Structure formats: structure tokens, C-alpha cells
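Work through the exercises below with the model open beside you. Each task is followed by a solution in steps.

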Amino acid sequence: MLEIDQSAGLARIQAGAQGPGLEEQLNSQGWTMGHQPDSFKHSTLGGWIATRSSGMQSDKYGDIADITRGMRVTLPGKVVTLRPRPSYSSGPSVREMILGSEGRLGVITEAWVNVHRLP
Ligand SMILES: Cc1cc2nc3c(=O)[nH]c(=O)nc-3n(C[C@H](O)[C@H](O)[C@H](O)COP(=O)(O)OP(=O)(O)OC[C@H]3O[C@@H](n4cnc5c(N)ncnc54)[C@H](O)[C@@H]3O)c2cc1C
């Protein structure tokens with residue numbers, strides 16, 4: 001985890017982070033991302049985004065498509081940064097194109113995700 005924006009409830013996390021390490025770092029500061037796919041122990045934030053993953057707490061926290069607000073993606077020849085805006089009024093959405101793209105468009109290296117105070 002690189003940083004937390006406490007007022008916005010957003011964390012910037014490197015895409016190679018696996019579930020347990022990611023939650024440990026968030027929990028140590030009183031936060032959770034709340035994304036718990038059955039593959040949680042062995043899969044990564046980047047993999048969850050690339051496969052448009054859903055978890056067992058998605059009813060409360062949303063699927064990864066809801067949780068992921070911004071991204072940094074390395075494409076052939078350039079790096080694209082999608083800033084974590086609360087809402088969008090323009091389209092088509094590049095964020096939506098990356099979510100579930102299975103790595104075909106580029107490599108996700110970082111993401112801004114929604115985080116919540118631990119209950
Ligand atoms: C036992 C088991 C339980 C599972 N449970 C669930 C579940 O509850 N919910 C669910 O949604 N899925 C589940 N899955 C499916 C899988 O775990 C998820 O799709 C997970 O999101 C894959 O993440 P990964 O890091 O393992 O990615 P990988 O399997 O390594 O990669 C999956 C795809 O994403 C691409 N990719 C990975 N990282 C990146 C990146 N940084 N940038 C761009 N592309 C990338 C790869 O190229 C590949 O196409 C489960 C799988 C198993 C084996």
C-alpha cells in the first residue's frame with residue numbers, strides 16, 4: 001500500500017499485492033478494502049481488476065468494478081493514469097475498458113481503491 005487519502009476513503013495500492021498482505025497493511029491503520037474472493041490468499045489486486053472479480057462481501061463493499069476508482073496502466077509505448085474521480089460525465093470510459101480486460105490492453109501497476117473504516 002502506497003498511501004491512504006483518509007477524507008476520500010481511497011488507498012493507492014500496487015497491483016502485485018496479494019489479498020492477505022494488502023488487508024494486513026490496511027487493517028494495521030484501521031481500514032479494510034472488503035474484497036474477499038475465494039482465491040483471496042493467492043490472487044492479486046491487479047488480477048482482481050483484470051478479471052472483474054467478485055467477492056463474498058460484495059453485497060456490502062461492491063465488486064472490484066465498484067471498488068476500483070483509479071488506475072495506472074502500462075500500455076505499449078505509454079503509461080496511462082486514470083485519476084480516482086468520484087463520478088464521471090464523459091465517455092466511453094477507459095476505466096471500464098480496463099476492468100475485466102484480462103491483461104489484453106496493458107499491465108495494471110497501481111490502483112486507487114475505496115477503503116472503509118474497520119467495523
Ligand atoms: C480456488 C479459486 C477460487 C476463486 N474464487 C473466485 C471468487 O470468489 N471470485 C472471483 O471473481 N474469482 C475467483 N477466482 C478466479 C480468480 O482467482 C480471480 O479471477 C482472480 O481475480 C485472479 O487474480 P490473479 O492475481 O490470480 O490473476 P491471474 O490468474 O494471474 O491472471 C488472471 C488474468 O488477469 C491478467 N492479469 C493479472 N494481473 C494483471 C495486471 N496486473 N495487469 C493486467 N492484467 C493482469 C492475466 O494476464 C490473466 O489474463 C477463483 C479462482 C480459484 C482458483
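A residue counts as near a molecule if its C-beta atom, placed from the backbone, lies within 6 Å of it. The model is a predicted one.

**Exercise 1. The ligand shell**

Task: State which residues come nearest to the ligand, and which elements give two or more residues to the shell around it.

Solution.
- Step 1. The ligand has 18 residues around it. Pro37, Ser39, Gly46, Gly47 and Gly103 come nearest.
- Step 2. Two or more residues of the shell come from each of α2 (45-50) and β6 (107-114).
- Step 3. The most are given by α2, with four residues.
- Step 4. Sort the shell by class: 10 residues are polar, six are nonpolar and two are charged.

**Exercise 2. Overall build**

Task: Describe the order of elements and test the chain against the radius of gyration of a compact globule.

Solution.
- Step 1. Count the elements: the chain has five helices and seven strands.
- Step 2. Read from the N terminus: β-β-α-β-α-α-α-β-β-α-β-β.
- Step 3. For 119 residues, a compact globule would have a radius of gyration near 14 Å. The chain has 13 Å, so the two agree.
- Step 4. Take the extents: the C-alpha trace spans about 40 × 30 × 25 Å along its principal axes.
- Step 5. Look at the contacts between residues at least 6 apart in sequence: 66% of them join residues at least 24 apart.

**Exercise 3. The core**

Task: Identify the elements that each supply at least two residues of the largest nonpolar core.

Solution.
- Step 1. Buried residues are 27% of the 119 in the chain.
- Step 2. The largest nonpolar core has 22 residues. Ile13, Leu22, Leu45, Ile49, Ile108, Ala111 and Val113 have the most contacts inside it.
- Step 3. At least two core residues each come from β2 (10-14), α1 (19-27), α2, α4 (64-67), β4 and β6.
- Step 4. Follow Leu22. Beyond its neighbours within four places in sequence, Leu22 contacts Met1, Ile13, Ala17, Met33 and Leu45.

**Exercise 4. The β4-β5 hairpin**

Task: Work out how β4 and β5 are joined, and how many residues of β5 are buried.

Solution.
- Step 1. β4 (residues 68-75) and β5 run antiparallel, joined by five bridges.
- Step 2. One pair to find: Arg72 has Thr81 of β5 as its bridge partner.
- Step 3. Two residues separate the strands of this hairpin. Gly77, in the turn, has a positive phi of about 85 degrees.
- Step 4. Check the cover: β5 (residues 78-82) has zero buried residues among its five.

**Exercise 5. Loop residues**

Task: Is each of Leu99, Arg52 and Glu102 buried, partly exposed or exposed?

Solution.
- Step 1. The cut-offs are 20 or more other C-beta atoms within 10 Å for buried, and 12 or fewer for exposed.
- Step 2. Leu99 has 21, so Leu99 is buried. Leu99 sits in the loop between α5 (94-98) and β6. Leaving aside neighbours within four places in sequence, its contacts are Ile49, Arg52, Ala65 and Thr68.
- Step 3. Arg52 has 16 and is therefore partly exposed. Arg52 lies in the loop between α2 and α3 (58-61). Its phi is positive, near 50 degrees.
- Step 4. Glu102 has 9, so Glu102 is exposed. Glu102 is in the loop between α5 and β6. Its phi is also positive, about 55 degrees, although Glu102 is not a glycine.

**Exercise 6. A cis peptide**

Task: Where does Pro92 lie, and what is the peptide bond from Gly91 to Pro92?

Solution.
- Step 1. Pro92 is in the loop between β5 and α5.
- Step 2. The bond from Gly91 is cis, with omega near 0 degrees.

How values were computed. Residues are numbered from 1 along each chain as its sequence is written. This is a predicted model: local features need pLDDT of at least 70, side-chain atom pairs count only at pLDDT 80 or more; totals for chains, interfaces and linings use all residues. Ala, Val, Leu, Ile, Met, Phe, Trp, Tyr, Cys and Pro count as nonpolar, Asp, Glu, Lys and Arg as charged, and the others, Gly among them, as polar. Two strands pair if DSSP finds at least two bridges between them. The radius of gyration is taken over C-alpha atoms; the globule rule is 2.2 Å times the number of residues to the power 0.38. Two residues are in contact if their C-beta atoms, placed from the backbone, lie within 7 Å. A nonpolar core is a set of buried Ala, Val, Leu, Ile, Met, Phe, Trp, Tyr and Cys residues joined through C-beta atoms within 7 Å.
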